[in-house]
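Trainee: Before we discuss this fold, could you show me the sequence and the coordinates, so that I can follow each step of the argument?

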Amino acid sequence: MSRAEEALGSAWEQREGPGVLATVDAEGRPNAVYVLCVDLLAGARIAVMDNYFSKTRENILANPRAVVQVVDPDTAAHYRLTLHYLRTETAGALFEHMKAKLAGIASHTGMGKVFRLLGADIYRVESIESV
């Protein structure tokens, strides 16, 4: 395990706020969006909450590679994870967990009638670097 992986593991539970997910389309045009929820899963995978990813969805279906950046609020350390899209879950325990998280965020921000979970996108983490 690299130092970046160890640091990310210890900082993961402390991080707050959105991450930034970047994808590119089939022609190489980039798209970056804030993501409200990024969960670390077993087996070098993460789940990213999809609530209205129209362009991002198009991009990952055309090119399954992506990058997400998250921040540790205690140290201000930034971590960039290079990802490979695997699938989208629209039911089950992970989906319900993310749906509950989104409901909490929506309630806290007064956006309860606006936010809607479309899926939990599962990515394999290919590399982690501290930036």
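Mentor: Let us fix one term before anything else: contact here means heavy atoms within 4.5 Å. Please keep in mind, too, that this is a predicted model.

Trainee: With that cut-off, which residues does L94 touch, not counting residues up to four places away in sequence?

Mentor: L94 lies in helix α3, which spans residues 93–109. Leaving out residues up to four places away in sequence, the residues that L94 touches are L41, A47, E89, A120 and I122.

Trainee: Is L94 buried or exposed?

Mentor: The term buried applies under 20% relative accessible area. Because the relative accessible area of L94 is 18%, this residue falls on the side of that limit that we call buried.

Trainee: How far apart in space are L94 and D39, C-alpha to C-alpha?

Mentor: In sequence, 55 residues separate L94 and D39. In space, their C-alpha to C-alpha distance is 9.6 Å.

Trainee: Turning to the sheet, what is the order of its strands?

Mentor: The sheet is open, has seven strands and shows antiparallel pairing. Its edge strands are β2 and β3, each of which pairs on one side only, and the twist from one strand to the next averages 30°. Read across the sheet, the order is β2-β1-β5-β6-β7-β4-β3.

Trainee: Which residue in the turn between β3 and β4 has a positive phi?

Mentor: The strands β3 and β4 run antiparallel and are joined by four bridges, with L40 opposite I46 and V38 opposite V48. They form a hairpin with three residues between them, and the turn residue with a positive phi, of about 75°, is G43.

Trainee: On α2, why do we say that the buried residues are on the same side?

Mentor: The helix α2 covers residues 54–62, and its buried residues are T56, R57, N59 and I60. The exposed residues S54 and L61 are carried by the face turned away from the buried side of α2. The buried residues are on the same side of α2 because the arc they cover around the axis is only 165°.

Trainee: At about what angle to β1 does α2 run?

Mentor: What covers the buried residues of α2 includes β1, β2, β4, β6 and β7. The helix lies across these strands, and its angle to β1 is about 50°.

Trainee: Which residues is T56 in contact with, leaving aside its neighbours within four places in sequence?

Mentor: T56 is found in α2 and counts as buried because its relative accessibility is 2%. Leaving aside neighbours within four places in sequence, the contacts of T56 are L21, T23, N31 and V33.

Trainee: Which element gives the most to the largest nonpolar core?

Mentor: The largest nonpolar core has 17 residues, and those with the most contacts inside it include L21, I46 and Y123. The elements that give two or more residues to this core are β4, β5, β6 and β7. The element that gives the most, with four residues, is β6.

Trainee: How many residues are in the other core, which lies apart from it?

Mentor: Leaving aside neighbours within four places in sequence, Y123 of the largest core is in contact with residues including L21, I46 and V48. Apart from that core lies another, with L94, M98, A120 and I122 among its residues, and its size is ten residues.

How values were computed:
Residues are numbered from 1 along each chain as its sequence is written. This is a predicted model: local features need pLDDT of at least 70, side-chain atom pairs count only at pLDDT 80 or more; totals for chains, interfaces and linings use all residues. Side-chain values use heavy atoms; hydrogens and water are left out. Buried means under 20% relative accessible area, exposed over 50%, partly exposed in between (1.4 Å probe, protein chains only). The arc is that of the directions from the helix axis to the C-beta atoms. Two strands pair if DSSP finds at least two bridges between them. Axes are lines fitted to C-alpha atoms, for helices over the stretch in contact, and angles run from 0 to 180 degrees between N-to-C directions. A nonpolar core is a set of buried Ala, Val, Leu, Ile, Met, Phe, Trp, Tyr and Cys residues joined through side-chain atoms within 4.5 Å.
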